[in-house]
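Colleague: I have a model open and would like to learn how to read it feature by feature. Could you walk me through it?

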Amino acid sequence: MNREIKFRAWDENNDFMFYQDEDGEFERKIDDQRVGSDFSVQDLLFMPFECLTAMQYSGMTDKNGKEIYEDDILKRENKIKKNDVPNIFYERVVWNKTSFCTESLTNKEKSAHHLGNFTFHTIEVIGNAFENPELLDNVDVLQDVSETDG
């Protein structure tokens, strides 16, 4: 299986998420105004900046067509039968040495599930660990997000 290799990067000094453009470059723009300096994916990976955290695209999208990256927070619905009320799970996308997996945010057990095993019409990106850190440790916040989405 071939997948697109691309990245995004969190700038912790400026609380800003950079996304890679079609030329493989990162450019910071706010309201179409260029601010900050550009850098390439090679810069990001081989000459890392202390303030930037790289996250790789998984090659997959959620039920709304949104790209899934490392450190995204997912809401996953699971039904045994078609008419059942779904069980809701919240998980963080992580790279596990050889593949993208998820770690539960709502279950105290540190179980990991291979991201490729999910049915993608049942998962939704609801945020990420950098722009939405409140979602990482607070089940009540996750429930509130769930209720406002549905």
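Modeller: Gladly! Keep in mind that this is a predicted model. Let's start with one residue, Asn-64, which sits in the loop between β7 and β8.

Colleague: Is Asn-64 buried or exposed?

Modeller: Asn-64 has a relative accessibility of 54%, and over 50% is the cut-off for exposed, so this residue counts as exposed.

Colleague: Which side chain does Asn-64 join through a polar contact?

Modeller: That of Glu-124, at 3.3 Å. There is a link across the sequence here as well: the C-alpha atoms of Asn-64 and Val-125 are 8.5 Å apart, while the two residues are separated by 61 places in sequence.

Colleague: Let's stay with that part of the chain. How do β7 and β8 run relative to one another, parallel or antiparallel?

Modeller: Antiparallel, with two bridges joining β7 to β8. Thr-61 has Glu-67 as its bridge partner in β8. The hairpin has five residues between the strands, and Gly-65 takes a positive phi near 85° there.

Colleague: Which other strand is joined to β7 by five bridges?

Modeller: That is β1, and β1 and β7 run antiparallel. To find your place in the viewer, look for Phe-7, which stands opposite Gln-56 in β7.

Colleague: What general idea helps when I look at side chains along a strand?

Modeller: In a regular strand, side chains alternate between the two faces of the sheet.

Colleague: Now to charged pairs. How many salt bridges does the structure hold?

Modeller: Five. One of them is between the side chains of Lys-6 and Glu-67, with N to O at 2.6 Å. Lys-6 belongs to the segment before β1 and Glu-67 to strand β8, so this pair ties together parts that are 61 residues apart in sequence.

Colleague: How accessible are Lys-6 and Glu-67?

Modeller: Lys-6 has 13% relative accessibility and counts as buried, whereas Glu-67, at 27%, counts as partly exposed.

Colleague: Which residue forms a salt bridge with Asp-71?

Modeller: Arg-92, with the closest N and O atoms 2.6 Å apart. Asp-71 is in the loop between β8 and β9, and Arg-92 is in strand β10, so the pair ties together parts 21 residues apart in sequence. Asp-71 is buried, with a relative accessible area of 12%, and Arg-92 is partly exposed at 23%.

Colleague: And what is the salt-bridge partner of Arg-76?

Modeller: Glu-91, with a closest N and O separation of 3.0 Å. Arg-76 is in strand β9 and Glu-91 in strand β10, so you have a link between distant parts of the chain, 15 residues apart. Both ends are buried: Arg-76 has a relative accessible area of 10%, and Glu-91 has 1% relative accessibility. Through salt bridges that share partners, Glu-4, Lys-6 and Glu-67 are joined into one network.

Colleague: How many bridges pair β9 with β10?

Modeller: Six, in the antiparallel sense. Glu-77, for instance, has Ile-88 as its bridge partner in β10.

Colleague: Which strand is joined to β10 by five bridges?

Modeller: Strand β11, residues 100-104, which runs antiparallel to β10. Here Arg-92 turns up again, standing opposite Glu-103 in β11. Four residues lie between the strands of this hairpin, where Lys-97 takes a positive phi near 65°.

Colleague: Let's finish with the interior. Which residues make up the largest nonpolar core?

Modeller: There are ten residues in all, including Phe-7, Phe-16, Phe-26, Val-41, Cys-51 and Leu-52. β1, β2 and α1 are the elements that give two or more residues to this core. Apart from this core lies another, of nine residues, among them Ile-68, Val-93, Phe-118 and Ile-123.

Colleague: Which residues is Leu-52 in contact with, leaving aside its neighbours within four places in sequence?

Modeller: Leu-52 is in contact with Trp-10, Asp-11, Phe-18, Phe-39 and Leu-44. Phe-18, Phe-39 and Leu-44 belong to the largest nonpolar core along with Leu-52, which makes Leu-52 a handy place to begin browsing.

Definitions and conventions
Residues are numbered from 1 along each chain as its sequence is written. This is a predicted model: local features need pLDDT of at least 70, side-chain atom pairs count only at pLDDT 80 or more; totals for chains, interfaces and linings use all residues. Side-chain values use heavy atoms; hydrogens and water are left out. A salt bridge is a side-chain nitrogen of Lys or Arg within 4 Å of a carboxyl oxygen of Asp or Glu. Buried means under 20% relative accessible area, exposed over 50%, partly exposed in between (1.4 Å probe, protein chains only). Two strands pair if DSSP finds at least two bridges between them. A nonpolar core is a set of buried Ala, Val, Leu, Ile, Met, Phe, Trp, Tyr and Cys residues joined through side-chain atoms within 4.5 Å. Contact means heavy atoms within 4.5 Å. A polar contact is a pair of N or O atoms within 3.5 Å; within protein, one must be able to donate a hydrogen and the other to accept it, and residues adjacent in sequence count only if both atoms are side-chain atoms.
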